[in-house]
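Colleague: I'm new to this one, and I'd like a close look at a single part. Could you walk me through the place where the two chains meet?

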Number of protein chains: 2
Amino acid sequence: MSAMLSVEEARARILAPLRPTAAEIVPLAEAWSRVTTAPVLARLDQPPADVSAMDGYALRSVDAGSRRVIGSAPAGHPFAGSVGPGEAVRLFTGSFVPEGADTILLQENATRLEDEVEPTEPVREGLHIRRRGQDFAVGDILVAPGTRLDARAVGLMAAGNHAWASVHRRPVVAILATGDEIALPGDPIPPGGIVSSNAHALAAMVRARGGQPLVLPIAADTREAIASAAASVRGADLLVTTGGASVGDHDLVQPGLAEQGFVLDFWKIAMRPGKPLIAGRLGDTAVIGLPGNPVSALVCAVLFLLPALDVLQGLPAAPPPVSRARLGGRLAANDHRADHLRATLHIQDGVTVATPFPRQDSSMLRVLNQAGALILRAPHAGALDEGAEIDVIRLDILGI
Amino acid sequence: MSAMLSVEEARARILAPLRPTAAEIVPLAEAWSRVTTAPVLARLDQPPADVSAMDGYALRSVDAGSRRVIGSAPAGHPFAGSVGPGEAVRLFTGSFVPEGADTILLQENATRLEDEVEPTEPVREGLHIRRRGQDFAVGDILVAPGTRLDARAVGLMAAGNHAWASVHRRPVVAILATGDEIALPGDPIPPGGIVSSNAHALAAMVRARGGQPLVLPIAADTREAIASAAASVRGADLLVTTGGASVGDHDLVQPGLAEQGFVLDFWKIAMRPGKPLIAGRLGDTAVIGLPGNPVSALVCAVLFLLPALDVLQGLPAAPPPVSRARLGGRLAANDHRADHLRATLHIQDGVTVATPFPRQDSSMLRVLNQAGALILRAPHAGALDEGAEIDVIRLDILGI
């Protein structure tokens, strides 16, 4: 057993050996939230030609006075001829500007009479024309590799003429809850037992962050049961266990995994809630062993599992996003462990205020559920007064 | 045609007639991000009895000195007897506290010798015991109706012994792109044509916000094609059209929908980008007609479609979330239209800085894609210097 690690060291050691999943091709319509494996290049110019930015008339700025309207060209129906001296073509937003014309006369600045149109305002060369390739040109990088595709990126890929996306496969994350005392929701509860909640919350987190959860049957508190479950997940990208991660007589995750012949690390991390954490590898499958306590398990998952899911999907190794807030209350000086205080968030005078719950007991799942954020307290941080600037991890934004 | 509406009025008029979808039952494992229709009540006490918060020994605080260890009770295996004078029972985190015992002696504060255990620190009544129902008690409301279920709420429902969730059905949102000039990505592009991007970006937004997109075939610029598409979506909760929403000769969405005999509103909204917006109802299907311009369509979707999706899922009617930021650059005074400037976001000295792109042309999809936020500029807002406090809509958080 090594000495107490900091949260940052532990995260670095968990993330370092992880490799992004390989590529797969998905239809663009299903690519939302997936992470690209390669640059996406524009396959055409946008706009594809000089086009009108408004409804109006294409004409020559050198001419003067009334012009003869020689045709009309809605978007998608380009005018076949060209605009000569004293001529104009009726255009609409997105219509190609016909050859010969060099400006657009807005329809609200024109008087139309039969086949004649006369400007009521002066025209000037180049007005209201969007130039070919103004948004992007063939070969431009529209989306960089390692980008999580949001709705706008999906639109941009479509505009660049992509019907498919090359993305990292969803990491398969096996989730193993251990313990004689836990039962699935709705199933008979053994005497002295409780209902399993960690596996289901973790599965939802994995889904929220782009992974594919694989919830294993609950393993009894025997080495054999844990070893057998571990053997069943070869090929998964990550195995997450909850419970039995300490070193008590009944903490069998370590010896159970060890029976599979794999080298495992075991750490105590200088953090609260949570402390013992198993990390290591079972063949190609990375392993993170979380505490059984629901709040500890979920806070550790925010700090270590979410970043691991990002790295497995081809995103950079990074801590969960931290925001600034003001402290709504006072805090005593912290001890040697990094603390993660469950807190409510509210907006006051446009500023985000985070107020810690009075009860921080790590068994209080309901308090975690009501929390909008975790207040970050560094080891040995000093006491703080109300209104102090603090760092928080916003849980609401993470979908967890 | 009515006078120019404000963004707020337009949103209120779009949202007012919307009704949440009915309930469906989904397995808890698939309930993440869905919105509850009813309160979720705890079906048991948590913890189910007084339990030990640590590994140690249950004993009586009135006794003194060494105790005889009469048994051991791992979590899930409650001790059958009771603890009498001078007795102790070995416990672990989560073990039920046996009858007779009133405190937990931590194992690190105990000397164990054969069947005897002696405290090395004084014990005090009630220490290290989590009381029955301390987290929640039978009948407590764990999750309120109208809550979007995050991973923690899924965990809490599991802990409360729920295997199923009653949630609002995913609103079905039909998406209709119109225009002779547009083609699906990868399909042959007609002369003067471009590739359809709005429908795919909107479908991703609908998916991101919990709806079920239904992308219709592209409708040609004829009343008949639009009317026929409209007739095909009876039963959808919402129809979103893009393109042809203005009043030009080739803007046929209004007359096309009108052929189905339905009353439609048409508004000009005092906003930029975007201005014309169609709203109304086709029988039970609400209709929002967005501009064809990609940036206008997506900005209007953020302002009107996302809130509509929320209301259809049983969430309160609300504008998209607004955050504070500092202005990175200067802004001229605004005209009479609410503006939504595409801007980058970066953090400087812990403060979020939003810097508008120099080019705000509403055809620039690539600029929208690179934007982290929309800077909100109220009608007639005055000029601003660098560093001014501004309101932004963070696009990165919305997953769009």
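Modeller: Sure, let's start with the contact itself, which takes 67 residues from chain A and 68 residues from chain B. Keep in mind that this is a predicted model. On the side of chain A that touches chain B, these elements each supply at least two residues: α2 (151-159), β15 (194-195), α3 (198-208), α6 (294-312) and α7 (365-370). Sort the residues of that side by class and you get 35 nonpolar, 21 polar and eleven charged.

Now zoom in on one pair of helices. α3(A) packs against α2 of chain B, residues 151-159, with the two axes 7 Å apart and at an angle of about 160°. Angles over 145 degrees count as roughly antiparallel, and α3(A) and α2(B) are therefore roughly antiparallel to each other. As for handedness, the crossing of α3(A) and α2(B) is right-handed. If you want to find the spot by residue, look on α3(A) for A:Asn198, A:His200, A:Ala201, A:Ala204, A:Met205 and A:Ala208. Across from them, α2(B) brings B:Ala151, B:Arg152, B:Val154, B:Gly155 and B:Ala158. By class, this helix pair's contact has seven nonpolar residues, three polar ones and one charged one.

Next, step back and see how the two chains are related. A turn of 180° with a shift of 0.0 Å along the axis lays chain A on chain B with an RMSD of 0.0 Å. That is the relation of a two-fold axis. To place the axis by eye, go to A:Ile397: of the residues of chain A, its C-alpha comes closest to the rotation axis, at 3.3 Å. Also, 100% of the interface residues of chain A are interface residues in chain B too, so the copies meet through the same surface.

One of the helices at this contact, α6 of chain A, also turns up inside the chain. Chain A is divided into domain 1 (7-21 + 170-312), domain 2 (29-45 + 135-168), domain 3 (51-130) and domain 4 (323-394). The C-alpha centres of domain 1 and domain 4 of chain A lie 26 Å apart, and their contact takes 13 residues from domain 1 and 13 residues from domain 4. On the domain 1 side, β19 (271-272) and α6 of chain A are the elements that give two or more residues. The largest share there, six residues, comes from α6(A). So much for the helix; that side of domain 1 divides into nine nonpolar, three polar and one charged.

How values were computed. Residues are numbered from 1 along each chain as its sequence is written. Chains are lettered from A and ligands numbered from 1 in the order in which they are written. This is a predicted model: local features need pLDDT of at least 70, side-chain atom pairs count only at pLDDT 80 or more; totals for chains, interfaces and linings use all residues. Two residues are in contact if their C-beta atoms, placed from the backbone, lie within 7 Å. Helices (H or I, at least four residues) and strands (E, at least two) are DSSP runs, numbered from the N terminus. Ala, Val, Leu, Ile, Met, Phe, Trp, Tyr, Cys and Pro count as nonpolar, Asp, Glu, Lys and Arg as charged, and the others, Gly among them, as polar. Axes are lines fitted to C-alpha atoms, for helices over the stretch in contact, and angles run from 0 to 180 degrees between N-to-C directions. Angles under 35 degrees count as roughly parallel, over 145 as roughly antiparallel, 65 to 115 as roughly perpendicular and the rest as oblique. A crossing is left-handed if the near helix is turned anticlockwise from the far one by less than a right angle, and right-handed if clockwise. Copies are superposed by least squares on the C-alpha atoms of residues with pLDDT of at least 70 in both. Domain bounds come from an automatic or database domain assignment.
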